[in-house]
Amino acid sequence: MANRYWVVSLPVQKSASTLWNSLQDQISKHSFDTPLYRFNIPNLRVGTLDSLLALSDDLFKSNTFIEGVSQKIRRQIEELERVSGLESNALTVDGVPIDSYLTRFVWDEAKYPTMSPLREIVDGIHTLVAKIEDDLKVRVAEYNNVRSQLNAINRKQSGSLAVRDLSNMVKPEDIITSEHLVTLLAVVPKYSQKDWLSSYETLTTYVVPRSSKKLYEDNEYALYTVTLFGRVADNFRTSARERGFQIRDFEYSPEAQESRKQELEKLVQDQDSLRSSLLQWCYTSYGEVFSSWMHFCAVRIFAESILRYGLPPSFLACVLSPSTKGEKKVRSILEGLCDSTNR
């Protein structure tokens with residue numbers, strides 16, 4: 001619903017139909033591009049003046065809350081559609097586009113009996129929307145948790161050699177592990193490779209000569225192997241660190257590599273599944289919140305019209321969608337009709 005709408009009420013002096021005709025006539029003459037619709041509010045239960053005054057104090061805060069939840073869900077829908085590469089779907093209430101739902105609003109008597117006290121209707125709407133907001137938080141947290149796990153894995157796979165997962169770069173034949181010998185993996189700054197090649201054999205004793213081999217290189221670092229006796233590995237790590245070389249902890253394990261691959265595939269599937277189910281839930285829940293919000297607006301218009309215009313209820317509720325440049329003129333028309341009914 002990209003359009004901006006006003007939901008207004010005007011006091012009725014003679015008849016609602018006469019006032020409606022006058023409003024239509026004024027809009028067509030002075031603001032012909034402003035859509036205008038009746039907003040049909042049933043005869044709700046008035047209650048006492050004190051109860052209306054007490055209710056009025058809460059209506060503004062509740063409206064802000066309900067509107068805020070609808071905007072949260074809408075933003076979530078926009079984000080999910082963007083991430084999924086989907087075109088934006090028209091938001092609906094039970095299959096009816098929300099613009100049409102508003103401009104052709106019909107009170108749901110089965111869901112909100114008109115004989116119920118206004119406070120009961122408002123509290124019921126607030127409770128329903130609050131529950132939907134709680135559900136949204138839980139579902140989004142679950143989806144974001146999987147996304148965070150995937151992002152962490154992707155960072156390890158796409159970051160620099162100093163931090164990324166090395167399992168895809170190392171082949172079984174690159175690693176020597178025996179009773180006495182071990183192979184270490186050294187991360188060498190890209191512009192220090194000559195220094196590494198000329199010095200690694202002397203960083204400690206019992207380093208196998210000419211055992212270093214470059215496995216990979218990125219924009220910042222190169223990855224080298226080096227083979228030496230296991231009992232001097234700690235000394236080698238210390239000396240390498242002092243020269244600006246990083247020895248990465250690594251243990252080649254086909255089983256662990258396969259396990260990580262399966263974990264990644266499962267996370268991708270979980271993310272896609274959660275994203276799809278969250279998006280469908282958001283479509284449905286947005287419609288439910290929007291419908292609740294329109295019923296809330298009807299109650300608010302009803303209660304505030306009585307407090308402003310008095311009893312018995314005699315007012316005309318309508319929906320307008322003025323353009324930005326036409327707002328001032330439409331406001332002037334509405335004020336003029338209000339003044340004329342009070343003469």
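**Figure 1. Phe39 and its stacked partner Phe105.** In this predicted model, Phe39 has a relative accessible area of 2% and is buried. Twelve aromatic pairs are counted in the structure. One of them joins Phe39 to Phe105: the ring centres lie 4.9 Å apart, the planes make an angle of 15°, and the pair is stacked. Phe39 belongs to the loop between E2 and helix H2 (49-84), while Phe105 belongs to the loop between helix H3 (98-103) and helix H4 (118-158), so the pair ties together parts that are 66 residues apart in sequence. Phe105 is buried as well, with a relative accessibility of 1%. The view can be widened to one aromatic cluster formed by Phe39, Tyr101, Phe105, Tyr286, Phe290 and Trp293.

**Figure 2. Ser291 in helix H7 and Ser100 in helix H3.** Ser291 is part of helix H7, which covers residues 254-309. Its relative accessibility is 9%, and it counts as buried because the limit for that class is under 20%. Apart from neighbours within four places in sequence, Ser291 makes contact with Val93 and Tyr101. Tyr101 is also one of the members of the aromatic cluster in Figure 1. Ser100 is located in helix H3. With a relative accessibility of 24%, Ser100 counts as partly exposed. Between the C-alpha atoms of Ser100 and Glu258 there are 53 Å, and along the chain these two are 158 residues apart.

**Figure 3. The open sheet of three strands, E1-E9-E2.** This sheet is open, its strands follow the order E1-E9-E2, and the pairing is antiparallel. Strand E1 (6-11) and strand E2 (36-38) are the edge strands; each has a single partner strand, so one side of each has no neighbour in the sheet. From one strand to the next, the twist averages 35°. Three bridges hold the antiparallel pair of E2 and strand E9 (residues 315-320). Within this pair, Tyr37 has Val319 in E9 as its bridge partner. Helix H1 (residues 16-30) lies across E1, E2 and E9 and runs at about 170° to E2.

**Figure 4. The open sheet of four strands, E6-E7-E5-E8.** The second sheet shown here is also open, with four strands in the order E6-E7-E5-E8 and antiparallel pairing. Its edges are strand E6 (213-217) and E8; each has a single partner strand, so one side of each is left without a neighbour in the sheet. The twist averages 35° from one strand to the next. In a regular strand, side chains alternate between the two faces of the sheet. E7 is mostly covered, with seven of its nine residues buried.

**Figure 5. Strand E5 with its partners E7 and E8.** Strand E5 (residues 181-189) and strand E7 (residues 221-229) run antiparallel and are joined by nine bridges. Where does Thr183 find its bridge partner in E7? The partner is Thr227. Leu185 has Thr225 in E7 as its bridge partner. E5 also pairs with strand E8 (residues 246-248), in the antiparallel sense, over three bridges. In that pair, Val187 is matched with Gln246 in E8.

**Figure 6. The hairpin of E6 and E7.** E6 and E7 make a hairpin, and three residues lie between the two strands. Their pairing is antiparallel and has four bridges. Lys213 stands opposite Thr225 in E7. Glu217 has Ala222 in E7 as its bridge partner. Thr225 is also the bridge partner of Leu185.

**Figure 7. Two arginines over aromatic rings.** Which ring does Arg38 lie over? Arg38 lies over the face of Trp20, at 5.4 Å from the ring centre. In the other example, the charged end of Arg231 sits over the ring of Tyr206, at 4.4 Å from the centre of that ring.

**Figure 8. The domains of the chain.** The domain assignment divides the chain into domain 1 (1-43 + 315-342), domain 2 (45-97 + 110-162 + 256-312) and domain 3 (172-251). Taken over C-alpha atoms, the centres of domain 1 and domain 3 are separated by 80 Å.

Conventions:
Residues numbered from 1 in each chain as written. Predicted model: local features only at pLDDT ≥ 70, side-chain atom pairs only at ≥ 80, totals over all residues. Heavy atoms only, no water. Pairing = 2+ DSSP bridges. Axes fitted to C-alpha atoms, helices over the stretch in contact; angles between N-to-C directions. Contact = heavy atoms within 4.5 Å. Phe/Tyr/Trp six-rings, centres within 6.5 Å; stacked < 30°, edge-to-face > 60°. Buried < 20%, exposed > 50% of the residue type's maximum accessible area, 1.4 Å probe, protein only. Lys NZ or Arg CZ within 6 Å of the ring centre and 35° of its normal. Domains from an automatic or database assignment.
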